[in-house]
Amino acid sequence: MRKVFVIGFENTGTDTLAVCLRRLGYRHADLNPALARRVLDDGDIAALEAATQDFDSFAGMPWPLFYRRLDRLYPHARFILTVRDSSQAWFGSLRRHAVYSGRGAVREQVYGFSKPVVQQASQIDLIDRHARQVQEYFAGRPERLLVLCWEQERSWDRLCNFLEEPVPNTPLPHEHQRRVARVSGYFRRVRNTLRGYAQRLFTADPG
């Protein structure tokens, strides 16, 4: 089975794509913070290359940052650039995820901020530049790069055609929707907790 590298940044549909790849039978590796720190902090490229031996498909950091090296290492690999309908929608998801998940060392290394809450212009410039450079690099090689936006996909067809895999007889997963539900539930619980505190505060007997 050829290697598949997902080279979109977080919050672009990489979780949904991971579910898809597993259903297609790929041994899939998600975000690896320890590996990302070794590669980004120490420049341990040997560790990056060694990590590709154990799985068939990869998503999350540090893979999107090393697509050129991975292309040279695996000349028959497939690369999937996940994108959002708009960069503004992506930043909104990134901000909500950062608030929900807390500070992240890898996020700070990639974006320059551990919690990119207000740095919209610089973050949008970063992801737009990444998408543009990826597509320029793979220009003229459509068999190697698929640009995938889950907000526009309604079936398995393009993904399976690109990977030369049979289309599963199951609905297309929507991991983003499940994540939104989890995040919404989290903020709903926080809101209800704060509301309960406020009610107790204002109804407490001052005597």
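**Exercise 1. State how confident the predictor is in the protein chain, and find where confidence is low.**

Step 1. The mean pLDDT (the predictor's confidence in each residue, from 0 to 100) of the protein chain is 83, and 75% of its residues reach 70 or more.

Step 2. This is a predicted model, in which local features need pLDDT of at least 70 and side-chain atom pairs count only at pLDDT 80 or more, while totals for chains, interfaces and linings use all residues. Residues are numbered from 1 along each chain as its sequence is written, and side-chain values use heavy atoms, with hydrogens and water left out.

Step 3. Over residues 176–184 pLDDT stays under 50, and the model has nine contacts (heavy atoms within 4.5 Å) beyond four places in sequence for them. Where pLDDT is low, the predicted coordinates should not be read in detail.

**Exercise 2. Work out the strand order of the sheet and name its edges.**

Step 1. Count the elements: the protein chain has nine helices and five strands. Both are DSSP runs numbered from the N terminus, helices being H or I with at least four residues and strands E with at least two.

Step 2. Two strands pair if DSSP finds at least two bridges between them. The five strands form an open sheet in the order β2-β3-β1-β4-β5, with parallel pairing.

Step 3. β2 (28–29) and β5 (145–148) are the edge strands, as each pairs on one side only.

Step 4. Take one pair as an example: four bridges join β4 (residues 78–82) to β5. Phe79 has Leu145 in β5 as its bridge partner.

**Exercise 3. Describe how helices α1 and α7 lie against the sheet.**

Step 1. Angles run from 0 to 180 degrees between N-to-C directions, with axes fitted to C-alpha atoms, for helices over the stretch in contact.

Step 2. Helix α1 (residues 14–23) lies across β1 (4–6), β2, β3 (57–58), β4 and β5, at about 165° to β1.

Step 3. Helix α7 (residues 120–137) touches β4 and β5, and its direction makes about 150° with that of β4.

**Exercise 4. Decide whether Ser57 is buried or exposed, and list its surroundings.**

Step 1. Ser57 is placed in strand β3.

Step 2. Buried means under 20% relative accessible area, exposed over 50%, and partly exposed in between (1.4 Å probe, protein chains only). Ser57 counts as buried because its relative accessibility is 0%.

Step 3. Leaving aside neighbours within four places in sequence, Ser57 is in contact with Val4, Leu21, Tyr26, Arg27, His28 and Ala29.

Step 4. The side chains of Ser57 and His28 make a polar contact at 2.6 Å. Such a contact is a pair of N or O atoms within 3.5 Å; within protein, one must be able to donate a hydrogen and the other to accept it, and residues adjacent in sequence count only if both atoms are side-chain atoms.
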